[in-house]
Amino acid sequence: QVQLVESGGGLVQPGGSLRLSCVPSGSIKSILHMGWYRQAPGKQRELVAAVTSDGTTTYADSVKGRFTIYRDNVKNTVALQMNNLKPEDTAVYYCNSVPPHLAWGQGTQVTVSS
């Protein structure tokens, strides 16, 4: 079973940027869709960005134009560049396949606050 390890979160002011990284313990080369999800307090986990094995990307409307998902099948990593962060982006961020069928990692906390 592939284990997922997310990192890169932190506290940032509105308008700031963060880059999240996901390093799976096993190869994700055969997984067609990988994505970044987030879960804010009291809310359900939601998919915010996804990328196929050939690099096609899709985004939730709430992050379109601000977030960019990257996938490197050689380095076996998935990253999420987040720009112009807003307080409503505050959440724990997770990576997983789309739909999610890998074990969830611990996630990485992103807090956007002045």
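Q: In this predicted model, over how many bridges do strand 7 and strand 8 pair?
A: Let's begin with these two strands of the predicted model. Strand 8 covers residues 77-82, and its pairing with strand 7 runs in the antiparallel sense. The number of bridges in this pairing is 6.

Q: Which residue in strand 8 is the bridge partner of Arg71?
A: Arg71 has its place in strand 7, which spans 67-72. Across the pairing, in strand 8, the bridge partner of Arg71 is Val78.

Q: What is the order of the strands in the open sheet of 4 strands?
A: Strands 7 and 8 belong to this sheet, where the pairing is antiparallel. Its edge strands are strand 1 (4-7) and strand 7 (67-72), each of which pairs on one side only. On average, and with direction ignored, neighbouring strands here are turned by 15 degrees against each other. Read across, the order is 1-3-8-7.

Q: Why is one side of strand 2 and of strand 6 left without a neighbour in the sheet?
A: Now we move to the other sheet, an open one of 6 strands with mixed pairing and the order 2-10-9-4-5-6. Strand 2 (10-12) and strand 6 (57-59) stand at its edges, so one side of each has no neighbour in the sheet, because each has a single partner strand.

Q: By how many degrees are neighbouring strands of the sheet of 6 strands turned against each other on average?
A: This is the sheet with the order 2-10-9-4-5-6. The average ignores direction, and its value is 20 degrees.

Q: Which residues are the bridge partners of Tyr37 in strand 5 and in strand 9?
A: Tyr37 lies in strand 4, which covers residues 33-39 and pairs with strand 9 (residues 91-97) in the antiparallel sense over 6 bridges. Strand 4 also pairs with strand 5 (residues 46-52), again antiparallel over 6 bridges. The partner of Tyr37 in strand 5 is Leu47, and in strand 9 the partner is Tyr94.

Q: How many of the 7 residues of strand 4 are buried?
A: Buried here means under 20% relative accessible area. Strand 4 is largely enclosed by the rest of the structure, because the number of its residues that are buried is 5.

Q: Which residue takes a positive phi in the hairpin of strand 4 and strand 5?
A: This hairpin has 6 residues between the strands. The positive phi is near 75 degrees, and the residue that takes it is Gly42.

Definitions and conventions. Residues numbered from 1 in each chain as written. Predicted model: local features only at pLDDT ≥ 70, side-chain atom pairs only at ≥ 80, totals over all residues. Heavy atoms only, no water. Pairing = 2+ DSSP bridges. Helix = DSSP H or I, 4+ residues; strand = E, 2+ residues; numbered from the N terminus. Axes fitted to C-alpha atoms, helices over the stretch in contact; angles between N-to-C directions. Buried < 20%, exposed > 50% of the residue type's maximum accessible area, 1.4 Å probe, protein only.
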